[in-house]
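Hi,

Here is the structure I said I would pass on to you. Have a look at it first, then read on for what turned up.

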Amino acid sequence: GGALALGLRRPRRAARSRPTVHAVEPQVPAGTPVVEPLPVLKRPRRNRRSPAMREMFAETSLSAANLVLPILVQEGEEDTPIRSFPGVDRLGVETGLLREVRAARELG
């Protein structure tokens, strides 16, 4: 408001004291090899300047072709819920299986 327009500043709040945090050395399983860090001070990013270069050097790409659709099938026409796997059913060969395959195919 008006006080700030006149060039007056609000008083600073006192800094809160933070508890001291001690680093805990992580426990490493016996036999784990020791890998020395690379002598690189700054991570190189020259290969990521343009979208085309980023795509060319990308290490991971994920598409629908990489996914698996697990379908549990049983004989008969009844779909049976699996109690230990909520939201998942054993599908009947003649009804549920065909329905799921059609739905998956429509999604791509």
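Start with R99 and D79: their side chains meet in a salt bridge, with 2.6 Å from N to O. Side chains of opposite charge can pair when their charged atoms come close. Keep in mind that this is a predicted model. A search of the whole structure turns up one salt bridge, so it's worth finding on your screen.

What does the pair tie together? R99 sits in helix α3, which covers residues 96-107, while D79 is in the loop between β1 (72-74) and β2 (80-81), so the bridge links parts that are 20 residues apart in sequence. Are the two partners buried or exposed? R99 is partly exposed, with a relative accessible area of 41%. D79 is partly exposed as well, at 27%. For "buried" you would need a value under 20%, and for "exposed" one over 50%, so both residues fall in between.

Now zoom out a bit. The protein has three helices and three strands, and going from the N terminus the elements run α-α-β-β-β-α.

Next, the sheet. The three strands make an open sheet in the order β1-β3-β2, with mixed pairing. β1 and β2 are the edge strands, each pairing on one side only. Which way do the strands run relative to each other? β1 and β3 are parallel and pair over three bridges; to see one residue pair, look for V73, whose bridge partner in β3 is L91. β2 and β3 (residues 89-92) are antiparallel and pair over two bridges. Here T80 has R90 of β3 as its bridge partner. Helix α3 packs on this sheet, where it touches β1 and β3, and its direction makes about 105 degrees with that of β3. That is the helix that holds R99, so you can go from the salt bridge to the sheet in one view.

Finally, some totals for the protein. How many of the residues are buried? Buried residues make up 4% of the 108 residues. The accessible surface comes to about 11,400 Å², and carbon and sulfur atoms account for 56% of that. As for contacts, take those between residues at least 6 apart in sequence: 10% of them join residues at least 24 apart.

Have fun clicking around, and write back with any questions!

Cheers

How values were computed:
Residues are numbered from 1 along each chain as its sequence is written. This is a predicted model: local features need pLDDT of at least 70, side-chain atom pairs count only at pLDDT 80 or more; totals for chains, interfaces and linings use all residues. Side-chain values use heavy atoms; hydrogens and water are left out. A salt bridge is a side-chain nitrogen of Lys or Arg within 4 Å of a carboxyl oxygen of Asp or Glu. Helices (H or I, at least four residues) and strands (E, at least two) are DSSP runs, numbered from the N terminus. Buried means under 20% relative accessible area, exposed over 50%, partly exposed in between (1.4 Å probe, protein chains only). Contact means heavy atoms within 4.5 Å. Accessible areas come from the Shrake-Rupley method with a 1.4 Å probe; for residues, only the protein chains shown count as cover. Two strands pair if DSSP finds at least two bridges between them. Axes are lines fitted to C-alpha atoms, for helices over the stretch in contact, and angles run from 0 to 180 degrees between N-to-C directions.
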